[in-house]
Amino acid sequence: MKPFAIAVLILFSIGITTAQQKKWTLEECVTYALENNLTIEQFELDLENAVIDKSDALGAFLPTLSSSASVSERSGLVTNPNTNIIEPGQIFSTSAGINSGMRIFDGLRNIHQLNRAKLNTLANQYRLDDLKDDIRLNVANSYLQVISNKESLKVFRAQYAVTEQDVKRTKELVESGVLPRGDLLEIEATAASQEQQIVNGENQVLLSRIALAQLLQITDYENFDVADEEFNIPPSDILNNSAKVIFDKALTFRNDIKFSETNVELAEKDLQIAKGANYPTIDAFFNYNTFYTNQFQTIPDPVDPVNNPPIAFRADFIDQLWLNDGISYGFQMNIPVFNGWATRNSVRRSKINLERNKLQLEQDKLNLETDINQAYVDVTNFFKTYEAAQKTLDARRLAYVYAKERYDVGLMNAFDFSQAQARLDNAEAEVIRTKYDYIFRLKVLEFYFGIPIALD
């Protein structure tokens, strides 16, 4: 094979490997989740239905128009459509008509229906946007969990690498008779424990990756992975605002609150529609009809209509359509008097539904205020927890360095040294856990304040 062909093959293989090992960023995960979530697709269909309902409401203001046509043949004792006389015979006839109608007044229900359809479209949009907000938060949480587990795994592997050097050095000291064999066994036990930590850490990374992939509805778990990046504590001045300030601002843009507010407006429109059934309805109509038949028609004798019999004739098809046509038009009013309390009960149900939606709105506001207060407290507490964990880690590192110095000169046994190392391992793991817990809580609180989720 020529060198150029080999180079192309190598580059192609590298490209395939790179494609298989795609590392997803948080932005890519969120975008993919929003584009492929099945619930979002269902809500989008509901939104399309709401748009169609709005079109139906607009159509209620337009007149109706229909046409009809029929062809028939009868024999025996029949009624001549030209003379209205019953006589034996055979009749072939065809008829056609155009009908139009329009509702003039219906207690303003058509106007309320249109306004309701507009509100329903808006409500479905708010519901869809609220679902997207929840998905953004869930994806961010799962994404940070993967990053946190990856960082912990790196720490476990780095700790094991150090312990491997300690095992090698201790083995040399034991073989030279400087240290007892029990110290070697203790260090080896520490190394074995750290190996177990690595295995558990790998499992946690895998499980968190699978959880995120399932959230994104990606089935190729083996090749799914997030970008290898480490996030520092982001600067934020969100705590410069009180929980009340954050809550007041959240009320102005949160989609769940807007959805509840729109439901109240929808219930008000339903009540107006129900009350409209108490009013009369007025309709206008216009009809045009004509027909053709094979029967003879009669007209008076133009010369002597008194003494001479009528003249019978059969007009052709087109002429009959003009001779036999007619129109009708007018108005019709229907006044509701009594329908078994159906209208009254419909109004009562609408009032109950309105009160229920008002209560739901207040409950949603209360829930939002509770969530924001909890998020505000969580940010403060988790930051303090992270600071405490960081201080503990600094102390554990100094203690470990001191213990290692004593162990290296034989002033500390292997058991005490392994304990110092274990405490350092736990402190490092705790710093990672509290750091990402704090980052997520911070992003949640900022999200309530209208700041988009982004990890810089």
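This is a short dialogue on reading helices, ring pairs and charges over rings in a predicted model.

Q: What should I know before trusting a number here?
A: It's a predicted model, so local features need pLDDT of at least 70 and side-chain atom pairs count only at pLDDT 80 or more, while totals for chains, interfaces and linings use all residues. Residues are numbered from 1 along each chain as its sequence is written, and side-chain values use heavy atoms, with hydrogens and water left out.

Q: What span is expected for helix 10, and what does it reach?
A: Helices are DSSP runs (H or I, at least four residues; strands are E, at least two), numbered from the N terminus. The expected span is 1.5 Å times one less than the number of residues. Helix 10 covers residues 414-448, 35 in total, and reaches 51 Å from first C-alpha to last, close to the expected 51 Å. Try helix 5 too: residues 181-216 reach 53 Å, close to the 52 Å expected.

Q: How many residues of helix 10 are buried?
A: Buried means under 20% relative accessible area, exposed over 50%, and partly exposed in between (1.4 Å probe, protein chains only). For helix 10, 25 of its 35 residues are buried.

Q: What happens just after each of these helices?
A: Look at phi. Gly 450, just after helix 10, has a positive phi of about 95 degrees. Gln 217 follows helix 5, and its phi is positive as well, near 60 degrees.

Q: How many aromatic pairs turn up in the whole structure?
A: Rings of Phe, Tyr and Trp (its six-membered ring) pair if their centres lie within 6.5 Å; planes under 30 degrees apart are stacked, over 60 edge-to-face, and the rest tilted. The search finds seven pairs. One of them is Trp 24 with Phe 224, tilted, at 5.7 Å centre to centre and 50 degrees between the planes. That pair links distant parts of the chain: Trp 24 is in strand 1, Phe 224 in the loop between helix 5 and strand 4, 200 residues apart. Both residues are buried.

Q: Is the Tyr 407 and Phe 417 pair stacked or tilted?
A: Stacked: 4.7 Å centre to centre, with 5 degrees between the planes. Tyr 407 lies in helix 9 and Phe 417 in helix 10, so the pair ties together parts 10 residues apart in sequence.

Q: Where does the charged end of Lys 249 sit?
A: A charge counts as over a ring if NZ of Lys or CZ of Arg is within 6 Å of the ring centre and within 35 degrees of the ring normal. Lys 249 has its charged end over the ring of Phe 449, 4.1 Å from the centre. Arg 127 lies over the face of Phe 43, at 3.8 Å from the ring centre.
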